[in-house]
Amino acid sequence: MTAHKTDEHGPGFAAVAEPSSLAEVLASGLLAVPTVVSGDVSAARPVTATAVMMIPDIGPWLQRGLLLFTSTTVLDRLAVPIEDFLTRLDRQEISGLVIRLDAEHPLPPDIADDASFPILTTSQDVVVDHPLAHGLREMATAQVEAVLEADHLRRGLFDIVMAGGGHKALAEGISRELGGAVLITTPDGRQTCRVGKESDFEWLASTDAVDPTGRVRTDSLEGGLGLHRFGDEYVAIAAISANGIDHGRLVFFCPARDLSAADQFLVEQAATVCALVVSRELAVSAVEEKHRANFVRDLLRGRAGEPEQVIVHAQMFGWNLDRPVVVVAVEPDRVEDDSPGTPARLPVVERQARAFAGALAGRDAGASVTALATETVVLMGQGTDTMSLVHELVAQVRGAGGGGRRPFGVGVSRASSSTDDLPTLYAQARTALEVGRKISGPWAVTHFDDLGVYRLLSLVEDTEELESFARETLKELTDDTAEAQDMCRTLEVLLATNINIAEAARQLHFHYNTLRYRVAKLEKILGPFTEQPELRLDLSLALKIIAMRGIDS
């Protein structure tokens, strides 16, 4: 068995020239009398490299196929439960864990429970002259040096925070200490702060790390965390988490030098200080957000006061309501939010509100964007083409534009003539949202004036009566069968063309005689609708009820 050192993930890795089985590695004399306490050595993942764990936070040094060496002393200093630590090792698909037994610290009692990879113990260190042990001493030294450097970095960044500095000042401090470019982004990769040489950002934009909109591809880079290679250069990404919530990413890169696992460790430590700023800002903004939300609720209920008072109060928040405004209601669809295993994040409504606020910032400085319990409400100025602007905002927020991977519906009201109109406009926006979602499905963006007869149907509170009318009018065409749906489509086109059989046949791609046969069949089911305008009106309404209520699905 041969091995060579590699700095692909930092100094000290002893990489196996060809992946070997764990049984072969153990048989090679690397360890003196190892004892298997859990797992099946013969079924272990192939060993691609060895590494040592001298510090509790080993994350940056982990990689697939690693045979990891540590001690009970280090395990005793873990900041997380042992089962969480083992789960992380399994996610990284390590080959096995070897633990040196130290007299002062016993083996954790639950370490062998349900382990999905082999765990071995030994009373001695590895054989130092073994080929697979040559890089371990260097790695141990690098980890200790990284801890000392991280302590120095944290102290400097803490001073910035204590002096009142925000993310911009922290990014400047990180860039200065680590000697590279720094980005701070939202959890989905939208840039909020950047410090460094413009040439470095041009390099980053040329890689697959960033999409055409400038968003860091956190969704396609293994969750955005870790050390990622692009050509001959690396990008280090760490999560900014506060109070168990994922608030963003700290991104560091330096095309002028290679990055190692130690650099990733430093970036992760810097991200913990960035999280302090988040916590501070959240504490300050919580009261302000509550005040703003209460004011918006009063506005939408008509209880905020006289228009003059409302306008002055809104100006305190930087909102301009002394103009015609429209109400935009944004509500996430009722689907599963984050997939299992992803970091906890802000509630989806708050994330969407922040995304819309960012998108509106450069377009309407006087707009109001407020996250309420289940929806985001936007009060924005009426423009020459309000719906075009709304569609631009939605395109920027959703999908690759950043922020809106969970589907949402949008409803837009008419424009106001006074703040007294806002309760009515809010009701219009809600109606447009709810009806548009029923008609068009996910991602529907609907203006109240575009609802047509659906506006009237939405006012009918007795939904059972509506559905009963549709079923009685359309009869067997409401059955949940392919034939019924096909005949409904034929009827819909016939009504839309005012019973012009030639034009309907062209739109449906039917032969003229085929469509005449279908008309006869439909009249046998529904009655002589080609001769009775009143029946045609009933059928049109019934089809719209089906589309709005979804009673045929």
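Trainee: Is Glu 331 buried or exposed?
Mentor: Glu 331 counts as buried, because its relative accessibility is 7%. Please keep in mind that the model is predicted.

Trainee: Which side chain does Glu 331 meet in a salt bridge?
Mentor: Its partner is Arg 430, with an N to O distance of 3.3 Å. This pair links distant parts of the chain, since Glu 331 belongs to strand E13 (residues 325-332) and Arg 430 to helix H11 (residues 422-440), 99 residues apart.

Trainee: And Arg 430, buried or exposed?
Mentor: Arg 430 is also classed as buried, at 14% relative accessibility. The cut-off for that class is under 20%.

Trainee: What about Arg 363, which partner does that one have?
Mentor: Arg 363 forms a salt bridge with Glu 392, at 3.6 Å from N to O. Arg 363 sits in the loop between helix H9 (348-361) and strand E14 (368-371), whereas Glu 392 is in helix H10, so the bridge ties together parts that are 29 residues apart in sequence.

Trainee: How accessible are those two?
Mentor: Both fall in the partly exposed class: Arg 363 has a relative accessibility of 39%, and Glu 392 has 42%.

Trainee: Back to Glu 331 for a moment. Which residues are joined into one network with it?
Mentor: Salt bridges with shared partners connect Glu 331, Asp 333, Glu 375, Arg 430, Glu 434 and Arg 437.

Trainee: Where exactly is Glu 392 in helix H10, and how far is it from Leu 360?
Mentor: Helix H10 covers residues 386-397, and Glu 392 lies within it. The C-alpha atoms of Glu 392 and Leu 360 are 9.8 Å apart in space, with a separation of 32 residues in sequence.

Trainee: How many salt bridges does a search of the whole structure find?
Mentor: The search returns 25 salt bridges. One pair consists of Arg 64 and Glu 93, whose closest N and O atoms are 2.4 Å apart. That pair also links distant parts of the chain, with Arg 64 in the loop between E4 and E5, Glu 93 in the loop between H3 and E6, and the two positions 29 residues apart.

Trainee: Why does Arg 64 count as exposed?
Mentor: Arg 64 is exposed because its relative accessible area is 57%, and the class requires over 50%. Glu 93 is partly exposed, with 29%.

Trainee: What is notable about the phi of Glu 93?
Mentor: Glu 93 has a positive phi of about 60°, although this residue is not a glycine. Asn 498 also has a positive phi of about 60° and is likewise not a glycine. Asn 498 is located in the loop between helix H14 (482-496) and helix H15 (501-508), and it counts as exposed at 60% relative accessibility.

Trainee: Changing topic: which residues make the nonpolar surface patch?
Mentor: Met 54, Val 144 and Leu 148 make a nonpolar patch of about 280 Å². Met 54 is in the loop between strand E4 (47-52) and strand E5 (66-71) and is partly exposed, with a relative accessible area of 39%.

Trainee: And which residues form the negative patch?
Mentor: That patch is formed by Asp 462, Glu 464, Glu 465 and Glu 472. Glu 472 is placed in helix H13 (residues 463-474) and is exposed, at 58%.

Trainee: Last one: how many disulfides are there?
Mentor: The count comes to zero. As for individual cysteines, Cys 254 is buried, with a relative accessible area of 6%, and Cys 488 counts as buried at 11%.

How values were computed: Residues are numbered from 1 along each chain as its sequence is written. This is a predicted model: local features need pLDDT of at least 70, side-chain atom pairs count only at pLDDT 80 or more; totals for chains, interfaces and linings use all residues. Side-chain values use heavy atoms; hydrogens and water are left out. Helices (H or I, at least four residues) and strands (E, at least two) are DSSP runs, numbered from the N terminus. Patches are made of residues with over 30% relative accessible area and no salt bridge: like charges are joined within 9 Å, nonpolar side chains (Val, Leu, Ile, Met, Phe, Trp, Tyr) within 5 Å. Accessible areas come from the Shrake-Rupley method with a 1.4 Å probe; for residues, only the protein chains shown count as cover. A salt bridge is a side-chain nitrogen of Lys or Arg within 4 Å of a carboxyl oxygen of Asp or Glu. Lys and Arg count as positive and Asp and Glu as negative; His and the chain ends are not counted. The place of a charge is taken as NZ of Lys, CZ of Arg, CG of Asp or CD of Glu. Buried means under 20% relative accessible area, exposed over 50%, partly exposed in between (1.4 Å probe, protein chains only). A disulfide is a pair of cysteine sulfur atoms within 2.5 Å.
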